[in-house]
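Subject: Structure handover

Hi,

Here is the structure for you to look over. My notes follow below it.

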Amino acid sequence: MTKDNTGPDNGNKWGETPDEDGKSKAAEDHASSEFALPELIAGLERLDRVYANEAVPPSLGELQAQLIAASERHRRRMLREWLLFWLISLFLLGFSLLAITSAPPLYWMVQGLIPIAGIIALVMRLGRKGRGEWR
Amino acid sequence: MSDEESQIIRKAQRGDRQALAQLLQNHYSFMYKYLLKLTMDPALAEDVTQDTIVRCMEKIALYNGSSSFSSWMITIATRLYIDRMRRRSREEEWIRREQGIRSIRWRFEAQGEEWSDVLDALSRVPLPQRIALLLKHYYGYSYSEIGRILGIPEGTAKSRAAYGLRQLREELKEDDEG
């Protein structure tokens, strides 16, 4: 079993179950009893060796630059979402006011249709979820 | 988790960029290697590692210490990868998988390393089972931990790992016969 099988933060929380040699007992037990597992573990360790150069982490400077870029992107996205939220809210509010003053039947029809559409969407979503876990 | 790491995490959560960069640097190699095994595609593994790093930067304040930091990163990386795969058609997935495994094979040959058919077989195991198989039998997580990582019940994690192993054996047998 690879030495870094539980990541660099060895400890005692879940996901950190190595013994003194940094090996997982569960994995080792299975490896000795199950056909294909020793081969799999050896193959994956070889894969780690072959790609050792690609696994070298970027420098701290690069990561910090990435951090700054990510926080800038995050700030811009928040601003965009905030603007979109207010734009849609104003549009809906304007439409509702216009409808209630100039065409009340239309207003009440929309008010009735929205919950029905919501219930249909919910039922469809629950049906999809019940059919499969994913894909 | 060591005291030193807990301290770095606390600093990172308070907004110390250097601490966060240090933390992510410490885990980069582990994350890349995990994603390489999961994707069996070096380019994709690098992409998803980058996405994971960015997501961790954004979500570091939400890390509550109930799992190890590496497990938290594995959870994020796995879910990002699953999301990507959901958006792909089966054909795209197949083409990408073939390209990935070919480039790994080429790399093995270039470095004079003996090729292992088990890697070929692993890449053909369906993704949900492959994830469970790797987390259980290579990384040594328990079924309940795998369930937490994937957001599925423990029993489902167990059946996925068992099915994944069975599938791997069948693929290997087919390779031997073919």
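In this predicted model, R97(B), I101(B), R105(B) and F108(B) of helix α5 of chain B touch L119(B), D120(B), S123(B) and R124(B) of helix α6 of chain B. Contact here means heavy atoms within 4.5 Å. Three of these residues are nonpolar, one is polar and four are charged. Nonpolar covers Ala, Val, Leu, Ile, Met, Phe, Trp, Tyr, Cys and Pro; charged covers Asp, Glu, Lys and Arg; the others, Gly among them, are polar.

Helix α5 spans residues 90-110 of chain B and α6 residues 117-124. Helices are DSSP runs of H or I, at least four residues, numbered from the N terminus. The two pack at about 165°, with axes 11 Å apart. Axes are lines fitted to C-alpha atoms over the stretch in contact, and angles run from 0 to 180 degrees between N-to-C directions. α5(B) and α6(B) are therefore roughly antiparallel (angles over 145 degrees). Their crossing is right-handed, that is, the near helix is turned clockwise from the far one by less than a right angle.

The second helix pair is α3(B), residues 42-59, with α4(B), residues 69-86. Their angle is about 125° and their axes lie 9 Å apart. That makes them oblique (outside the ranges under 35, 65 to 115 and over 145 degrees). This crossing is right-handed. The residues in contact divide into 10 nonpolar, one polar and five charged.

Now the interface. Chain B puts 71 residues into the contact and chain A 56. About 5800 Å² is buried between the chains, 62% of it from carbon and sulfur atoms. Buried area is the accessible area (1.4 Å probe) that two parts lose on being put together, summed over both. R17(B), H137(B) and Y138(B) supply 12% of what chain B buries against chain A, more than any other three residues.

Salt bridges total 14 over all chains. The rule asks for a side-chain nitrogen of Lys or Arg within 4 Å of a carboxyl oxygen of Asp or Glu. Five cross the interface of chain B and chain A. One salt bridge pairs R46(A) with E113(B), at 4.0 Å from N to O. R46(A) sits in helix α2 (residues 37-50) of chain A and E113(B) in the loop between α5 and α6 of chain B, so the pair joins two chains.

Residues are numbered from 1 along each chain as its sequence is written, and chains are lettered from A and ligands numbered from 1 in the order in which they are written. Local features need pLDDT of at least 70 and side-chain atom pairs 80 or more, while totals for chains, interfaces and linings use all residues; side-chain values use heavy atoms, without hydrogens and water.

Best wishes
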